[in-house]
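Welcome to this tour! Keep your viewer open and get ready to select residues as we go.

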Amino acid sequence: MLSDIAAWFITLFVVDPLQAEMREQLERANASTEIIQQSQQCVASQGPKLLNRAGEDPAWAVATVVGFTFGWTSPVQLLDTSDTNCAAVVGLLQGRDGEQTEA
């Protein structure tokens with residue numbers, strides 16, 4: 001039950017806002033159809049991974065929700081930059097405030 005609640009919080013406070021931010025950045029950048037499709041595939045692959053991790057580690061989920069909500073955790077930190085679909089989107093997200101990815 002706790003894992004379900006953690007997954008719900010991740011969806012509500014991280015995955016949904018992450019999708020919205022990606023959409024906003026893509027619109028600002030007048031992104032190509034290819035990058036839009038890559039962003040959708042990125043969220044489709046990363047979302048379930050975040051939900052799975054939240055279910056396995058509720059403390060991580062709470063810390064991530066708090067960090068993401070208050071801007072302490074960058075959207076870039078939540079994406080797998082080795083995923084080619086996410087790599088294209090990370091560039092757009094980094095450009096919004098000059099953020100850098102963490103290795």
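Start by selecting Ser 39 and its surroundings: leaving aside neighbours within four places in sequence, Ser 39 is in contact with Met 22, Leu 26 and Val 89. Remember that you are looking at a predicted model. Ser 39 sits in helix 2. Is Ser 39 buried or exposed? Its relative accessibility is 6%, so Ser 39 counts as buried, the cut-off being under 20%.

**Stop 1: helix 1 and helix 2**

Now colour helix 1, residues 2–28, and helix 2, residues 33–56. A helpful idea for this stop: two packed helices are described by the angle between their axes and the distance between the axes. Here the angle is about 160°, and the axes are 9 Å apart. That makes helix 1 roughly antiparallel to helix 2, because angles over 145 degrees are counted that way. The crossing of these two helices is right-handed.

Next, show the side chains where the two helices meet. On helix 1, select Ser 3, Ala 6, Ala 7, Ile 10, Thr 11, Val 15, Gln 19, Met 22 and Leu 26. On helix 2, the partners are Ile 35, Ile 36, Ser 39, Cys 42, Val 43, Gly 47, Leu 50, Leu 51, Ala 54 and Gly 55. Try colouring this contact by class: there are 13 nonpolar residues, six polar ones and no charged ones. Ser 39, where we began, belongs to this contact.

**Stop 2: the loop between them**

Follow the chain from helix 1 towards helix 2 and pick Asn 30, which is found in the loop between the two. Asn 30 has a positive phi of about 50°, although it is not a glycine. With a relative accessible area of 69%, Asn 30 is exposed.

Ser 32 lies in this loop too, between helix 1 and helix 2. Its relative accessible area is 37%, which means Ser 32 is partly exposed. Now use your distance tool: how far apart are the C-alpha atoms of Ser 32 and Asp 4? They are separated by 36 Å, with these positions 28 residues apart along the chain.

**Stop 3: the disulfide**

Select the sulfur atoms of Cys 42 and Cys 86, which form a disulfide with the sulfurs 2.0 Å apart. A disulfide is a covalent bond between the sulfur atoms of two cysteines. This structure holds one disulfide. Why does the pair tie together parts that are 44 residues apart in sequence? Because Cys 42 lies in helix 2, while Cys 86 lies in helix 5, residues 84–95.

If your viewer can show torsions, check the S-S bond of Cys 42 and Cys 86: the torsion is about 100°, so this disulfide is right-handed. Switch on a surface as well, since both Cys 42 and Cys 86 are buried.

**Stop 4: helix 3 joins in**

Bring helix 3, residues 58–69, into view. Its axis and that of helix 2 come within 5 Å and cross at roughly 120°. Helix 2 and helix 3 are therefore oblique to each other. To see the contact, select Leu 50, Arg 53, Ala 54, Gly 55 and Glu 56 of helix 2, together with Pro 58, Trp 60 and Ala 61 of helix 3. By class, this contact has five nonpolar residues, one polar and two charged.

Turn to helix 1 and helix 3, which pack at an angle of about 25° with axes 9 Å apart. This pair is therefore roughly parallel, and helix 1 passes helix 3 in a left-handed crossing. On the helix 1 side, show Leu 2, Ala 6, Phe 9, Ile 10, Phe 13, Val 14, Pro 17 and Leu 18. They meet Pro 58, Trp 60, Ala 61, Thr 64, Val 65, Phe 68 and Thr 69 in helix 3. This contact has 13 nonpolar and two polar residues, and no charged ones.

**Stop 5: Pro 17 and Thr 73**

Zoom in on Pro 17, which lies in helix 1. Not counting residues up to four places away in sequence, Pro 17 touches Thr 11, Leu 12 and Phe 68. Pro 17 is partly exposed, with a relative accessible area of 31%.

For the last selection, pick Thr 73, in the loop between helix 3 and helix 4, residues 75–78. Thr 73 is buried, at a relative accessible area of 18%. Which residues does Thr 73 touch, not counting those up to four places away in sequence? Show Gly 67, Phe 68 and Leu 78 to find them.

Technical notes. Residues numbered from 1 in each chain as written. Predicted model: local features only at pLDDT ≥ 70, side-chain atom pairs only at ≥ 80, totals over all residues. Heavy atoms only, no water. Axes fitted to C-alpha atoms, helices over the stretch in contact; angles between N-to-C directions. Helix = DSSP H or I, 4+ residues; strand = E, 2+ residues; numbered from the N terminus. Parallel < 35°, antiparallel > 145°, perpendicular 65-115°, else oblique. Left-handed = near helix turned anticlockwise from the far one by under 90°. Contact = heavy atoms within 4.5 Å. Nonpolar A, V, L, I, M, F, W, Y, C, P; charged D, E, K, R; others polar. Buried < 20%, exposed > 50% of the residue type's maximum accessible area, 1.4 Å probe, protein only. Disulfide = S-S within 2.5 Å.
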